[in-house]
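Biologist: I would love a close look at one part of this model, with the ties that hold distant stretches of sequence side by side.

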Amino acid sequence: MKKILIIDALNMFFRCYARDPSIATNGNPAGGCVGFLKSLQKSMRLTQPDDVVIVWDGSGGSRRRRQINKDYKMGRKVVHLPKDMNYDFSQEEEMDNKVWQQTRLLDYLDNLPICQFMFDEVEADDVISAIVQSKHLKDWNKVILSNDKDFMQLCNDTTILCRPAKKPWEILNTKRIVEDLNVHPVNMALARAIVGDKSDNLPGVPGVGFGRVNKFFPFLSESEEYSVQDLITKTREISENTKSKYLSAVIDSEEIIHNNYRIMQLYQPSISYQDRSKVDSCLNERDKHYNMTEFRLMLAEDGFVSLKWDVMEQTMRRIIQF
């Protein structure tokens, strides 16, 4: 089977931005940009893909999710340059540099024969879900590269999640997820809706973490998909024989669970028909533009041409062949 590498771009960019101390010839920090390219090459070396897709969060984030919960993703920590760089930037100057790095990176990637997506008011999660579900990739192995645990729900017989923040990389497939969390991917969004997600400012049921989800709801490890209403019905049935304040809390938190699930679930991605058609078209019919000369000229201009990019070139040539 052919293999496609699907990258959660902003997740990778910020990880590199906060850690890579690279400096461009203009004297400004460039770790987010060149660190991304180095991480891209490493991920291609480890996964040996036949195609690569890079997905960015669109401007404005998800309007639909904010309509469900106005506090969604509020209060997220700002990602800063590495502390050891000792740059005396104002907040505005650091933001300008961050924007420059991301814009420069987009220009680099435009010279490669890959798919790159960014749709206004659409999160990368939804686009990645649409990619995984695309009929054109039915017979492909899909590798999602991200530290975001939301993607566990997309794992199946042909889709895995690689979490590069772990050393070595954490590789999650359906079997591993069920063994580690006792929750099947088809029920992962429901389990996480109960627990909540602090990183997205989504509180869950008070006092209920994955441990108590496993204790009270072992059926979530099954491959049968359960709805929020199924969960509440079963919780009421369990409560008839097992008295627990945590079961009562789940019943009392039905609306919270329901709203969290609507926000977290990726089984039916929040993406328009038009944008989904653009995804399918790029995966199936795109003109695989490859300009390694311009790519190298940009590297020379920024001062990074001396780095080895052999794996990058090999992978891009392989992509063109398909």
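Biologist: Which helix does glutamine 314 lie in? Please start there and then go on to the salt bridges.

Modeller: Happy to. This is a predicted model, in which local features need pLDDT of at least 70 and side-chain atom pairs count only at pLDDT 80 or more, while totals for chains, interfaces and linings use all residues. Residues are numbered from 1 along each chain as its sequence is written, and side-chain values use heavy atoms, with hydrogens and water left out.

Glutamine 314 belongs to helix H14, residues 310-321. Helices (H or I, at least four residues) and strands (E, at least two) are DSSP runs, numbered from the N terminus. With a relative accessibility of 46%, glutamine 314 is partly exposed; buried means under 20% relative accessible area, exposed over 50%, and partly exposed in between, using a 1.4 Å probe and protein chains only. Its C-alpha is 9.6 Å from that of methionine 44, although 270 residues separate the two in sequence.

Threonine 47 is in helix H2, residues 31-47. Threonine 47 is buried, at 8% relative accessibility, and a polar atom of its side chain lies 2.6 Å from the backbone oxygen of serine 43. Leaving aside residues up to four places away in sequence, threonine 47 is in contact (heavy atoms within 4.5 Å) with Lys3, Leu5 and Val143.

Now the salt bridges, each a side-chain nitrogen of Lys or Arg within 4 Å of a carboxyl oxygen of Asp or Glu. The count is 19. One of them pairs arginine 63 with glutamate 121, with the closest N and O atoms 2.9 Å apart. Arginine 63 sits in helix H3 (63-68) and glutamate 121 in the loop between strand E3 (115-117) and helix H5 (124-133), so the bridge ties together parts 58 residues apart in sequence. Arginine 63 is partly exposed at 45%, and glutamate 121 is partly exposed at 34%.

Glutamate 123 and lysine 73 also meet, at 3.5 Å from N to O. Here the loop between E3 and H5 supplies glutamate 123 and the loop between H3 and H4 supplies lysine 73, 50 residues apart. Glutamate 123 is buried at 4%, whereas lysine 73 is partly exposed at 26%.

Arginine 104 and aspartate 302 form another bridge, at 2.9 Å from N to O. This pair links helix H4 with helix H13 (292-302) across 198 residues. Arginine 104 is buried at 14%, and aspartate 302 is buried at 5%. Finally, salt bridges with shared partners join Arg65, Lys73, Glu123 and Asp126 into one network.

Methods
A polar contact is a pair of N or O atoms within 3.5 Å; within protein, one must be able to donate a hydrogen and the other to accept it, and residues adjacent in sequence count only if both atoms are side-chain atoms.
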